[in-house]
Amino acid sequence: MTPGTTLLRNAHIVTMDDTRQEFPGGWVRVSGNGIEAVGGREDDPGPADETIDLSGHVLLPGLVNTHHHMFQTLTRVIPAAQDASLFGWLQALYPIWSRLTPEMIRVSTRTAMAELLLSGCTTTSDHLYLFPNGATLDDQIEAADAMGMRFHAARGAMSVGESKGGLPPDSLVEDEAAILRDTQRQIERWHDPSRYAMRRVVVAPCSPFSVSTDLMREAANLARATGTTLHTHLAENDSDVDYSREVFGRTPAEYAEDLGWVGPDVWHAHCVKLDPNGITRFGATCTGVAHCPCSNMRLGSGIAPVQSMQSAGIRVGLGVDGSASNDSSHMLAEARQAMLLARVRTSFEPDPEARRFMTARETLALATRGGAATLGRDDIGAIAPDMAADLVAFDISGLDHTGAQSDPVAALVFCTPGRAALTMVNGRIVVRNGELLSTDEHRLTETHNRLAQTLLTG
């Protein structure tokens, strides 16, 4: 018997490989942290150290989350921010976030990752852009390591406060030279460029309305010098576009391109208001976009032209965004909303190709292969030999999926999004039978709620 092997069998397998092949009653053989083989019910998988029967389940590549703000799990449904659009929402929450502590960063990271893992997500990026009261990106990365999740840690930053025409209060901004030094330090300490890497660092100034032109340009230079990737917010709503035109005299896409923020090593969050010329330029440069449908609806930002972006060649993945603007970290629920919202947009979409409904399988591709491409990875997002063993199984034999057995794959997206029954990251099972193995869920909830109350009351 081959040592260190796990056999997942009798599942409906959706490979999301180059052929989008599916295996009803199929199996996946995992060896170490990689996928060794995939087959159908008629193929012999051979023996394994552990065999898991997934009858009644759909087995997918692990979902990939391309944009989040995990600290915001501490400030869900704050009354003053419930009914505000982006800028008003931020201004209501900045004073609360200024009280964040290192412990709050660590615990909120664990909470968000627990939610993601239970929703079938195996790889996530997070955009942490404020560091009050001694907090650092190290606090978040150390917490992420304990959760066993594949992590792209985006070292965000804000440097232009209210006194200089920016949106955040001056108390939350950092010195730009210090930002660049610390980002370099984080890359040197934590970044792993190797295949199957569990941890990578991203250079990520927060947004055009909270950092300077100089910092955007220098951040791009730093990323290219260190072989890391770039991430920021862009063209999120009309106010965002108005700010760019007024302050920089350019559209958000023009501003990004002028500063070197386009290319296969760049992805932008939202891009709800990306104009046709911007879509063309981003497509031509293979720039990526994190689509965050729940947050875009929650803040009234609009509907991103996802299908037009894909037609133009833009890499598009899904992001749950911050849990104060979603207010959830459920990747399968995000996929469902992406499909439904794309269908709403077809009624006023000028691009004939984009008038076609997004299918369930296309949506799942957005959440797997699309997310992997957006993060610049070719080792995750598909079930195929030599890919990372990031796998997730959903049980569709219960009440929520009754009557949906004619198409078990579509049932995942059309029906009520549920918990993952099994989540495997890098060959290690972290959710089994719907239960999180890497932490005590109830104790984590109690700690999180205590810290959230402390943060809110000051």
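**Note on the predicted model: Asp327, salt bridges, rings and helix packing**

1. Asp327 counts as buried, because its relative accessibility of 19% falls under the 20% limit. The model is a predicted one, and the remarks below should be read with that in mind. Asp327 is found in the loop between S13 and H11, and the peptide bond that joins Asn326 to Asp327 is cis, with omega at about 5°. A reader who inspects this loop may therefore wish to view the peptide bond and the side chain of Asp327 together.

2. Which residue forms a salt bridge with Asp327? The partner is Arg298, and the closest N and O atoms of the two are 2.9 Å apart. Arg298 belongs to helix H9 (residues 293-298), whereas Asp327 sits in the loop between strand S13 (315-318) and helix H11 (331-345), and the pair thus links distant parts of the chain, 29 residues apart.

3. The structure holds 26 salt bridges, and two others deserve a comment for the residue they have in common, Arg189. With Asp138, Arg189 forms a salt bridge in which the closest N and O atoms are 2.7 Å apart; Arg189 lies in helix H4 (residues 176-190) and Asp138 in helix H3, so this pair ties together parts that are 51 residues apart in sequence. With Glu142, Arg189 forms a salt bridge whose closest N and O atoms are 3.7 Å apart, and since Glu142 also lies in helix H3, this pair ties together parts of the chain that are 47 residues apart.

4. How exposed are the residues of these two bridges? Arg189 is partly exposed, with a relative accessible area of 47%, and Glu142 is likewise partly exposed, at 39% relative accessibility, whereas Asp138 is buried, with a relative accessible area of 6%. Salt bridges that share partners join Asp138, Glu142 and Arg189 with Arg155, Glu174, Asp182 and Arg185 into one network.

5. Helix H3 (residues 137-147) also meets helix H2 (residues 102-118), and the axes of the two come within 8 Å and cross at roughly 35°, in a crossing that is right-handed. On the side of H2, the contact is made by Pro102, Ile105, Arg106, Thr109, Arg110, Met113, Ala114 and Leu117, and on the side of H3 by Asp139, Gln140, Ala143, Ala144 and Met147. Sorted by class, the contact of H2 with H3 has eight nonpolar, two polar and three charged residues.

6. A search of the whole structure finds eight aromatic pairs. One of them is formed by Phe71 and Trp97, which meet edge-to-face, at 5.0 Å centre to centre and with 90° between the planes. Phe71 lies in the loop between strand S6 (63-65) and H1, and Trp97 in helix H1, so the pair ties together parts that are 26 residues apart in sequence. Both residues are buried, Phe71 with a relative accessible area of 1% and Trp97 with one of 0%.

7. Ring pairs link Phe71 and Trp97 with Trp89, Tyr94 and Tyr129 into a cluster. Of these residues, Tyr94 merits its own remark: Tyr94 lies in helix H1 (residues 86-97) and counts as buried, at 2% relative accessibility. If residues up to four places away in sequence are left aside, Tyr94 touches Met158, Leu167, Pro168, Pro169 and Leu172. Tyr94 and Asn237, for their part, are 143 residues apart in sequence and 19 Å apart in space, taken from C-alpha to C-alpha.

8. Two residues other than glycine have a positive phi that may be worth checking on the backbone. Cys271, with phi near 55°, lies in the loop between strand S11 (266-270) and helix H8 (276-284), and Cys271 is buried, with a relative accessible area of 0%. Asp386, with phi near 75°, is found in the loop between helix H12 (360-374) and strand S14 (391-395), and Asp386 counts as exposed, because its relative accessibility of 53% is over the 50% limit.

Notes:
Residues are numbered from 1 along each chain as its sequence is written. This is a predicted model: local features need pLDDT of at least 70, side-chain atom pairs count only at pLDDT 80 or more; totals for chains, interfaces and linings use all residues. Side-chain values use heavy atoms; hydrogens and water are left out. Helices (H or I, at least four residues) and strands (E, at least two) are DSSP runs, numbered from the N terminus. Buried means under 20% relative accessible area, exposed over 50%, partly exposed in between (1.4 Å probe, protein chains only). Contact means heavy atoms within 4.5 Å. Axes are lines fitted to C-alpha atoms, for helices over the stretch in contact, and angles run from 0 to 180 degrees between N-to-C directions. A crossing is left-handed if the near helix is turned anticlockwise from the far one by less than a right angle, and right-handed if clockwise. Ala, Val, Leu, Ile, Met, Phe, Trp, Tyr, Cys and Pro count as nonpolar, Asp, Glu, Lys and Arg as charged, and the others, Gly among them, as polar. Rings of Phe, Tyr and Trp (its six-membered ring) pair if their centres lie within 6.5 Å; planes under 30 degrees apart count as stacked, over 60 as edge-to-face and the rest as tilted. A salt bridge is a side-chain nitrogen of Lys or Arg within 4 Å of a carboxyl oxygen of Asp or Glu.
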